[in-house]
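Here are a few notes to go with the model on your screen. Keep it open and turn it around as you read.

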Amino acid sequence: MTNLDRPIEELAAAVKSGQISAVSLTQESLAAIKSADNYHAVLALNSQALERAQAIDAAIKLGKPVGRLAGIPYIAKDNFLTLGIHTTAASNILKNFEAPYQATVINKLEAEGAILVAKSNLDAFGHGASTENSDFGPTKNPWDEHLAPGGSSGGSAAAIALGLASFTLGTDTGGSIRQPASFCGVVGLKPTYGLVSRNGVIAMGSSFDCIGPITRNVGDAAFVLDVISGLDPQDSTTIEKDSAGYTDTQSPGKGKLALVKELYDQADPDIQAVITETITKLKSSGYSVDEVSLPSVDLALACYYILVPAEISSNLERYDGVKFGFSDASAKTLDETYRLSRDQGFGAEAKRRILIGTYVLSSGYYEAYYRQAQKVRTLIIQEFDQLFQKFDALIGLTAPSAAFALGSHKNPLAMYLEDAMTVPASLAGLPAISLPAGLDQNLPIGLQLIGPQKGERQLLDLAMEVEGLIDFKAKPGVRV
């Protein structure tokens with residue numbers, strides 16, 4: 001066990017007491033990143049990390065306040081704007097882009113003493129479920145380097161599984177925190193839409209995007225959420241955090257839970273068995289677990305892949321070769337600048353989603369596709385609301401399978417199906433957490449818990465109890 005495996009709150013206390021220095025922790029993280037370079041979880045190091053760690057240590061010696069995350073090294077997905085280190089969104093069109101300001105979440109973490117050591121790999125602009133759409137090469141799964149780590153926050157999830165930092169940040173539009181957490185055997189939390197500011201995070205689907213932590217355990221996820229959540233005047237969609245915070249965990253009591261049939265019965269029997277074992281443990285410890293159905297969930301994936309590309313096509317308009325990033329120097333007219341810069345800067349998946357989104361928003365098709373999809377989204381929200389009148393939380397698989405082989409999903413539709421069990425909660429803006437539930441053929445399987453909007457406190461309490469019941473201790477062979 002390394003220092004980076006220790007619970008965040010315990011490690012920060014050790015830094016503040018002088019038992020361990022912020023510099024040595026940062027050096028430990030940087031050395032781990034270097035030793036795991038072949039997994040390509042990280043795109044860039046922060047050259048100012050050690051300088052910042054020295055400042056934390058100096059402040060501690062002088063008795064100055066240093067924050068709740070003093071000296072804790074972390075890695076941010078490379079779609080968070082950061083000062084002093086490039087922000088690329090893993091896309092050639094933003095290669096070498098220097099942000100003019102920093103994301104609110106990064107500022108909040110720095111105010112509490114956390115140290116950004118690196119930026120992690122992702123599917124370009126968050127478009128994918130395997131990290132293979134990164135323009136800078138795929139990340140490998142720490143459990144088997146021939147497998148995908150999931151996506152789009154695959155670099156962030158792999159970094160935690162490899163022990164490269166105490167926590168990482170990801171973004172989740174349709175499952176991009178939870179699915180890679182499932183594939184890599186770590187914890188991934190998608191908060192309620194609006195609980196964490198999106199200011200300074202490169203937009204994918206603006207009515208879906210959520211920011212959350214990827215960690216080794218539920219307690220660490222709660223600790224990080226407590227720091228990064230809450231209102232932000234720079235993001236009008238943000239909401240108040242729970243006045244009691246998210247770290248003072250209490251037993252949730254033996255509440256009423258429901259297994260969602262549509263988030264379970266599509267998986268192979270061996271994978272279902274992992275969830276069935278957890279359900280048995282929950283019932284034995286006093287929980288009531290019923291099986292329920294969300295009939296409109298079968299439409300969720302189609303609905304998602306109409307609405308999100310529509311928002312993508314709007315959000316990517318700004319990358320025109322003039323305002324941001326890459327601009328083709330050979331262009332002779334403004335029209336050529338737009339056309340050549342976007343053609344060379346965007347990858348195939350970004351172009352595909354721009355085309356789909358533009359099509360469903362175009363005259364004559366808006367009513368047939370976009371408006372109908374919004375109606376389905378409303379139906380899904382209503383069905384979730386009805387279930388939360390009877391149950392405290394919902395249970396399902398995070399992904400229909402364990403990690404798949406790199407290069408195995410040639411058809412984009414096959415890749416989209418990987419999101420089938422995560423997009424329902426995204427459409428409804430609900431908090432959801434994935435935690436490792438067991439192994440199938442020596443690969444981790446994720447259990448997904450979904451709560452009502454603004455129900456993070458209760459959801460995290462429940463997740464902590466489930467985590468204790470499962471007692472998952474396996475690690476990828478590379479770390480044994």
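1. Which residues line the second largest cavity? Bear in mind that this is a predicted model. The lining consists of K77, N79, F125, G126, S152, T171, T173, S176, V201, I202, M204 and D209. Sorted by class, that gives four nonpolar, six polar and two charged residues. The volume of this cavity is about 50 Å³.

2. Now for the largest cavity, with a volume of about 80 Å³. Its lining has 14 residues, and those nearest the centre are G128, S176, Y304, Y305 and D419. So you'll meet S176 in both linings, by the rule that a lining residue has an atom within 4 Å of a point. Helpers here include α9 (300-315) and α13 (412-416), each giving at least two residues. The class split is six nonpolar, six polar and two charged.

3. On to the pockets. The largest pocket comes in at about 570 Å³. Look for R216, N217, F472, K473 and K475, which lie nearest its centre among 24 lining residues. Two or more residues each come from α5 (154-162), β10 (432-440) and α15 (456-470), with α15 giving the largest share, three residues. By class you get 14 nonpolar, three polar and seven charged residues.

4. Finally, the second largest pocket has a volume of about 380 Å³. Of its 20 lining residues, Y101, V201, I202, A203 and R318 are the closest to the centre. V201 and I202 also turned up in the lining of the second largest cavity. This pocket's lining has eleven nonpolar, five polar and four charged residues.

Key
Residues are numbered from 1 along each chain as its sequence is written. This is a predicted model: local features need pLDDT of at least 70, side-chain atom pairs count only at pLDDT 80 or more; totals for chains, interfaces and linings use all residues. Side-chain values use heavy atoms; hydrogens and water are left out. On a 1 Å grid over the protein atoms alone, a cavity is a set of points where a 1.4 Å probe fits but cannot get out, and a pocket is an open set with protein on both sides within 12 Å along at least five of seven lines; lining residues have an atom within 4 Å of a point. Grid points are joined across faces, edges and corners, and a volume is the space filled by probe spheres set on the points. Helices (H or I, at least four residues) and strands (E, at least two) are DSSP runs, numbered from the N terminus. Ala, Val, Leu, Ile, Met, Phe, Trp, Tyr, Cys and Pro count as nonpolar, Asp, Glu, Lys and Arg as charged, and the others, Gly among them, as polar.
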